[in-house]
Amino acid sequence: MPAFIVANWQIAGVTSYGSGLPIVITAPGSTYLPGIGAVADRLHDPHLKHGQNPEDWFDATAYGVPAPFTVGTGNRIEPDLRGPAYGQWDMGLARRQSFERGVSLELRFDAVNVFNNRQLSPPNGGVTGGTFAQITASGQARSGQVKARLTW
């Protein structure tokens, strides 16, 4: 096999993985105090006993709207209640071929989310929302692009 076919290849990649971000729980502010907002009332442990799924990520009954003139008993960010984990591989493959008199051709293929991992968005944290504790969106699916560059 001629050397010019197997030479000049480059491969690159970026991998990112994470355990999921803390979930932000919001409630309507009814403290009637300037500059002080309310957080949701935490009524009991929000962790599910039967496991999580996008329609039921945490126990929605664990939070309630605080009474007027109170700041609520929960936290704005629940540190031990996390959104879905994420993981993504982005890769690129390129080859540069030189020809006579300074002419070169570069071919490149780039792919985002090569293994097409499902990237779920964080669940809805608005206590009064109709989709509270549900995941209603996801991230980018696999995509790729091919590029060619001729230089002379």
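Strands, in the sense used here, are DSSP runs of at least two residues, numbered from the N terminus. On that basis Pro122 falls in the loop between strand S7 (104–112) and strand S8 (143–151). The structure is a predicted model, and this briefing covers that loop, the charged side chains and a nonpolar surface patch.

**The loop between S7 and S8**

- Pro122 is exposed, because its relative accessible area is 55% and the cut-off for that class is over 50%.
- Apart from its neighbours within four places in sequence, Pro122 makes contact with Pro84 and Ile135, while its C-alpha lies 8.3 Å from that of Arg82, a residue 40 places away in sequence.
- Asn113 also belongs to the loop between S7 and S8, and its phi is near 60°, which is a positive value in a residue other than glycine.
- Asn113 has 0% relative accessibility and therefore counts as buried.
- Ala133, again in the loop between S7 and S8, likewise has a positive phi in a residue other than glycine, here near 75°.
- Ala133 counts as buried because its relative accessibility is 1%.

**Salt bridges**

- Side chains of opposite charge can pair when their charged atoms come close.
- The count of salt bridges in the model comes to five, and a network of them links Arg42, Asp45, Lys49 and Glu78.
- Within this network, Glu78 forms a salt bridge with Arg42 in which the closest N and O atoms are 2.9 Å apart.
- That pair joins distant parts of the chain, since Glu78 sits in strand S5 (residues 77–82) and Arg42 in strand S3, with their positions 36 residues apart.
- Glu78 is buried, with a relative accessible area of 1%, whereas Arg42 counts as partly exposed at 29% relative accessibility.
- Arg42 also forms a salt bridge with Asp45, where the closest N and O atoms are 3.6 Å apart, and Asp45 is itself partly exposed, with a relative accessible area of 36%.
- In another pair, the side chains of Asp110 and Arg108 meet in a salt bridge at 3.2 Å, N to O.
- Asp110 has a relative accessible area of 16% and so is buried, while Arg108, at 27% relative accessibility, counts as partly exposed.

**Asp41, a buried acid without a salt bridge**

- Asp41 lies in strand S3 (residues 41–42), and although this residue is buried, its side chain has no salt bridge.
- Which side chain of opposite charge is nearest to Asp41, and how far away is it? The nearest is that of Arg42, at 11 Å, and that pair forms no salt bridge because the rule requires a side-chain nitrogen within 4 Å of a carboxyl oxygen.
- A polar atom of the Asp41 side chain lies 3.0 Å from the backbone nitrogen of Thr73.
- Beyond its neighbours within four places in sequence, Asp41 is in contact with residues including Ala62, Tyr63, Gly64 and Val65, as well as Gly72, Thr73 and Gly74.

**A nonpolar surface patch**

- Trp9, Ile11, Leu93, Phe109 and Val146 form a nonpolar patch on the surface, and together they have about 550 Å² of accessible area.
- Leu93, one of these residues, is placed in strand S6 (residues 86–98).
- Leu93 is partly exposed, with a relative accessible area of 38%, so Leu93 passes the threshold of over 30% that patch residues must meet.

Technical notes
Residues numbered from 1 in each chain as written. Predicted model: local features only at pLDDT ≥ 70, side-chain atom pairs only at ≥ 80, totals over all residues. Heavy atoms only, no water. Patch = residues over 30% accessible without salt bridge, like charges linked within 9 Å, V, L, I, M, F, W, Y side chains within 5 Å. Areas by Shrake-Rupley, 256 points an atom, 1.4 Å probe, with all protein chains shown as cover. Helix = DSSP H or I, 4+ residues; strand = E, 2+ residues; numbered from the N terminus. Buried < 20%, exposed > 50% of the residue type's maximum accessible area, 1.4 Å probe, protein only. Lys, Arg positive; Asp, Glu negative; His and termini not counted. Polar contact = N/O pair within 3.5 Å; in protein donor to acceptor, adjacent residues only side chain to side chain. Contact = heavy atoms within 4.5 Å.
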